[in-house]
Each structure stands twice: as structure tokens, then as C-alpha cells.
Amino acid sequence: MGSRLRRSILTLLAMGTACGPVLAADPAGFWLTETGSSRVRITPCGSGFCGTIVSAPGKGLDAKNPDPALRGRSVVGVQILDARQPQGGGYSGSLYNPNDGKTYSGSLKLTGPDTLEVSGCVLSVFCKQQTWTRVK
């Protein structure tokens, strides 16, 4: 095999390994929650991803927050997802639910290029999942 052909093959293999899976498994961007009422921006943080609410319906107050001093604040700008631990094909960490003011062990995993499965669990037994849709 000629050196030029060998270099071309090695370049294509390197590009496929370095770029393909990373781009395919990157949840960074804007996501619409399953109910369609809120938008969350997911960004890289640590070795995983964090998510912050960027829009919410109505007054969008953090009325159920366990800290009474925070109950009057807007949920817009609140970090609700901290999934810094790579786990399987996704990331695990914690998930804050402003609807009940509780923080759960959580995870996120891309299930398609524009779908994200977000889970929150209590005692690793009682779990709820939502499918979020990428906003383009």
C-alpha cells in the first residue's frame, strides 16, 4: 500500500474515532422538557454536563424550594441538572425538580440525535423518566 493511501486511511480512521462518537453523544444545547413548558440549556461541566432553565411558563417561581428565602426567585437561571459522572452511554448526578422542591439522583442519556432521556430516582428504586426534545 502506498504511503499516501495509508496516510489517507489513517486520517479517516482518526477523524471517525475522534469526531464521530463525540458529536453523536453530545447533549449540549437547548432542550424542551417533555411537557413542552420549559426549556433547559445543557452545557459541558466537569467531565459531564449541567443544565439550567432558560424559560418557564407563567411566573415560574421556585415556590417549592426547601429554603424559604429562595421561594420568591424565578426558576429561570436555576441549575437543575448536574450530571458530571460518565455512566454507560450517558451521565449521572443530581436533578432538582422545582415542581416539588426536591433533588433526586439523576441521569441523562441521548436516545437519538434530538431526544434526551432524563431520569430522577428516589432510593434508586422509584424512578421517573422524561424524554426531552432538542430545540433547533
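Which residue in β4 does C50 stand opposite? In this predicted model, the residue facing C50 across the strands is D82. That pair is a handy way into the fold, so the account starts with the overall layout and then comes back to the strands around C50.

Taken as a whole, the protein has one helix and eight strands. Walking along the chain from the N terminus, the helix turns up at the start and the strands follow, in the order α-β-β-β-β-β-β-β-β. The chain counts 136 residues, and 29% of them are buried. About 8500 Å² of the protein is exposed, with carbon and sulfur atoms supplying 58% of that area. How much of the contact list comes from residues 24 or more positions apart? Among contacts with a separation of 6 or more, such pairs account for 37%.

Back to the strands, then. Strand β3 covers residues 48–55 and pairs with β4, residues 79–87, in the antiparallel sense. Four bridges hold this pairing together on paper, and C50 opposite D82 is where the opening question pointed. On to the next neighbour: β4 is also joined to β5, residues 90–97, by five bridges, and these two strands run antiparallel as well. Q87 has G90 in β5 as its bridge partner. The hairpin made by β4 and β5 has two residues between the strands, and within this hairpin G88 takes a positive phi near 55°.

Now for the cysteines. How many disulfides does a search of the whole structure find? It turns up two. Numbered in sequence order, the bonded cysteines pair as 1-2, 3-4. One link ties C45 to C50, with an S to S distance of 1.9 Å. Its torsion about the S-S bond is 75°, and the link is right-handed. Both ends of this link are tucked away: C45 is buried at a relative accessible area of 13%, and C50 is buried at 6%. Each counts as buried because its value falls under the 20% cut-off.

The other link is formed by C121 and C127, whose sulfur atoms sit 2.1 Å apart. Here the torsion about the S-S bond is about 110°, so this disulfide is right-handed too. Are its two ends buried or partly exposed? C121 is buried, with a relative accessible area of 16%, while C127 is partly exposed at 42%. C121 belongs to strand β7. Setting aside neighbours within four places in sequence, C121 is in contact with Y104, S105, F126 and C127. The C-alpha atoms of C121 and G106 are 6.2 Å apart, although 15 residues separate the two in sequence.

What about the nonpolar inside? The largest nonpolar core has 18 residues, and those with the most contacts inside it are I42, I80, L81, L116 and W132. The elements giving two or more residues to this core are β2 (39–45), β3, β4, β5, β6 (102–112) and β7 (115–122). I80 is a good residue to click on in the viewer. Not counting neighbours within four places in sequence, I80 is in contact with V40, G51, T52, I53, S94, L95, Y96, P98 and W132. One of these partners, W132, is also among the core residues with the most contacts.

Two more residues round off the picture. S38 lies in the loop between β1 (29–32) and β2. Is this loop residue buried or exposed? At 14% relative accessibility, S38 counts as buried. Beyond residues up to four places away in sequence, S38 touches W31, L32, T33, S55, A56 and P57.

R134, meanwhile, lies in strand β8, which covers residues 126–134. A polar atom of the R134 side chain lies 3.2 Å from the backbone oxygen of D26. D26 is also on the list of residues that R134 touches, which leaves out residues up to four places away in sequence. The rest of that list reads P27, A28, G29, F30, W31, L110, P113 and D114. W31 thus appears here and among the residues that S38 touches.

Notes:
Residues are numbered from 1 along each chain as its sequence is written. This is a predicted model: local features need pLDDT of at least 70, side-chain atom pairs count only at pLDDT 80 or more; totals for chains, interfaces and linings use all residues. Side-chain values use heavy atoms; hydrogens and water are left out. A disulfide is a pair of cysteine sulfur atoms within 2.5 Å. Buried means under 20% relative accessible area, exposed over 50%, partly exposed in between (1.4 Å probe, protein chains only). Contact means heavy atoms within 4.5 Å. Accessible areas come from the Shrake-Rupley method with a 1.4 Å probe; for residues, only the protein chains shown count as cover. A polar contact is a pair of N or O atoms within 3.5 Å; within protein, one must be able to donate a hydrogen and the other to accept it, and residues adjacent in sequence count only if both atoms are side-chain atoms. Two strands pair if DSSP finds at least two bridges between them. A nonpolar core is a set of buried Ala, Val, Leu, Ile, Met, Phe, Trp, Tyr and Cys residues joined through side-chain atoms within 4.5 Å.
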